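I sat down with a structure I had not seen before. Here is what I looked up, in order.

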Amino acid sequence: MKSISCRDMGMDCPWVGKGETLEDLAKQVKDHHMVEHPEYYEDTMRNMSDDEIMDMIEPYVKEE
Ligand SMILES: [Zn+2]
């Protein structure tokens, strides 16, 4: 199981996403930011491909 914490990505936010694959986490991160961090989403993530989002989150992903 992989997990990613919004706090580790620099946000003051308790959200943690869990999934089996990096693709799964990338989708959750995208959905979460769209709802909870819309400014960051609009400024940074909206024009990123799924591959780019995976590259961005990979350093913060933990294996459990
Ligand atoms: Zn968050």
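My notes follow, starting with the ground rules.

I am working with a predicted model, where local features need pLDDT of at least 70, side-chain atom pairs count only at pLDDT 80 or more, and totals for chains, interfaces and linings use all residues. Residues are numbered from 1 along each chain as its sequence is written.

**Entry: the core.** I looked up the largest nonpolar core (buried Ala, Val, Leu, Ile, Met, Phe, Trp, Tyr and Cys residues joined through C-beta atoms within 7 Å). I found six residues: I4, L25, A26, V29, I53 and I57. Two elements, α1 (22–36) and α3 (50–57), give two or more residues each; helices are DSSP runs of H or I, at least four residues, and strands runs of E, at least two, numbered from the N terminus. The largest share, three residues, is from α1.

**Entry: α1.** Which residues of α1 are buried? I got L25, A26, V29 and H33. Buried takes 20 or more other C-beta atoms within 10 Å of a residue's own, exposed 12 or fewer, partly exposed in between, with C-beta atoms placed from the backbone. The four cover an arc of only 100° around the axis (taken from the directions from the helix axis to the C-beta atoms), so they sit on the same side of α1. On the other side, D31 and V35 are exposed. The buried residues pack against β1 (2–5), β2 (16–19), α2 (38–45) and α3, contact being C-beta atoms, placed from the backbone, within 7 Å.

**Entry: E63.** I found E63 in strand β3 (residues 62–63). E63 is exposed, because 6 other C-beta atoms lie within 10 Å.

How values were computed: Two residues are in contact if their C-beta atoms, placed from the backbone, lie within 7 Å.
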